[in-house]
Amino acid sequence: MTRIVAISGSLRKGSFNTALLRAAAQVAPEGVHVDVATLHGIPLYDGDLEDREGLPKAVRQLKDLVNGADGVIIATPEYNHSFPGVLKNALDWMSRPPTGDVRVFSGKPVALTGASTGPVGTRMAQAALLPTLRALGTIPWFGRLLFVSNAADCFDESGNLIDEKMKSRLAEFIKDFADFTK
Ligand SMILES: Cc1cc2nc3c(=O)[nH]c(=O)nc-3n(C[C@H](O)[C@H](O)[C@H](O)COP(=O)(O)O)c2cc1C
């Protein structure tokens, strides 16, 4: 079984990015399990808090998920031509290796995708994430591009992916990334 953790960079209940990852879990091929994770419960990074209490529970849980996964997919919204602060905050927390802890992203295959309501489809947000992926020591996967533009037209009101073309592109994306992680 190939295990993939799919992290959404949006906290919104009706998030198109979270919906995209849920759809990814549905179209994943046999033998590939996609665990959708969100960033809820992660406080703002504060070195004093870290000194006092160590890693917050939500960070610890996400780090454990990533550590046990064969690969990670990040679906990022685009905010002002970059990726959201909540996502950077989570990645910053997850990069913290208190003594004896592992660098969970080191050598980990990571794929990027994203959905936005505009016509650009998170191109700039995904590009803005690249220096962070390098800093974390990931193995970025560039095998396919998946930009979901005009997201409101791609999903129904319950968050189901209804754009069939996008669904088959998503299936190819997951399959090829899962193959890459092997
Ligand atoms: C602060 C803010 C800035 C945004 N900036 C952009 C942008 O630069 N480009 C874009 O395509 N969409 C932008 N949007 C629209 C988002 O793509 C849209 O809100 C999207 O639905 C967010 O992802 P989510 O549905 O997963 O929460 C922005 C939204 C917010 C809240």
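Is N150 buried, exposed or partly exposed? N150 is partly exposed, as its relative accessible area is 35%. The legends below describe close-up views of a predicted model.

**View 1. Two asparagine residues have a positive phi although neither is a glycine.** N150 belongs to the loop between strand 6 and helix 6, and its phi is positive, at about 45 degrees. With a relative accessible area of 35%, N150 falls between the limits for buried (under 20%) and exposed (over 50%), and therefore counts as partly exposed. N80 is located in the loop between strand 3 and helix 4. The phi of N80 is also positive, at about 50 degrees. The relative accessibility of N80 is 79%, so this residue counts as exposed.

**View 2. K108 is a buried residue without a salt bridge.** The residue is part of the loop between helix 4 (85-94) and strand 4 (109-115). The nearest side chain of opposite charge to K108 is that of D70, at a distance of 6.6 Å. A salt bridge requires the charged atoms to lie within 4 Å, and therefore K108 and D70 do not form one. A polar atom of the K108 side chain does, however, lie 3.0 Å from the backbone oxygen of V66. Leaving aside residues up to four places away in sequence, K108 touches V66, N67, A69, D70, G71, V72, G137, T138 and I139.

**View 3. Strand 4 is mostly covered, with seven of its seven residues buried.** In a regular strand, side chains alternate between the two faces of the sheet. In strand 4, P109, A111, T113 and A115 point one way, while V110, L112 and G114 point the other way. The residues of both groups are all buried.

**View 4. Strand 4 pairs in the parallel sense with strand 3, with strand 5 and with strand 6.** Four bridges connect strand 4 to strand 3 (residues 71-75), and T113 of strand 4 stands opposite A75. The pairing with strand 5 (residues 139-140) comprises two bridges. Here V110 stands opposite P140 of strand 5. Strand 6 (residues 147-148) is likewise joined to strand 4 by two bridges, and A115 is found opposite V148 of strand 6.

**View 5. W141 and F177 form an aromatic pair whose rings are tilted.** The structure contains six aromatic pairs. A pair of aromatic rings is described by the distance of the centres and the angle of the planes. For W141 and F177, the ring centres are 5.4 Å apart and the planes meet at 50 degrees, so the pair is classed as tilted. Planes under 30 degrees apart would count as stacked and planes over 60 degrees apart as edge-to-face, which is why an angle of 50 degrees belongs to neither class. W141 lies in the loop between strand 5 and strand 6, whereas F177 lies in helix 6 (residues 164-181); the pair therefore ties together parts that are 36 residues apart in sequence.

**View 6. W141, F173, F177 and F180 make up one aromatic cluster.** Two members of this cluster, W141 and F177, can be described by their accessibility. W141 has a relative accessible area of 8% and is therefore buried. F177 is buried as well, with a relative accessible area of 0%.

Key. Residues numbered from 1 in each chain as written. Predicted model: local features only at pLDDT ≥ 70, side-chain atom pairs only at ≥ 80, totals over all residues. Heavy atoms only, no water. Buried < 20%, exposed > 50% of the residue type's maximum accessible area, 1.4 Å probe, protein only. Lys, Arg positive; Asp, Glu negative; His and termini not counted. Polar contact = N/O pair within 3.5 Å; in protein donor to acceptor, adjacent residues only side chain to side chain. Contact = heavy atoms within 4.5 Å. Pairing = 2+ DSSP bridges. Phe/Tyr/Trp six-rings, centres within 6.5 Å; stacked < 30°, edge-to-face > 60°.
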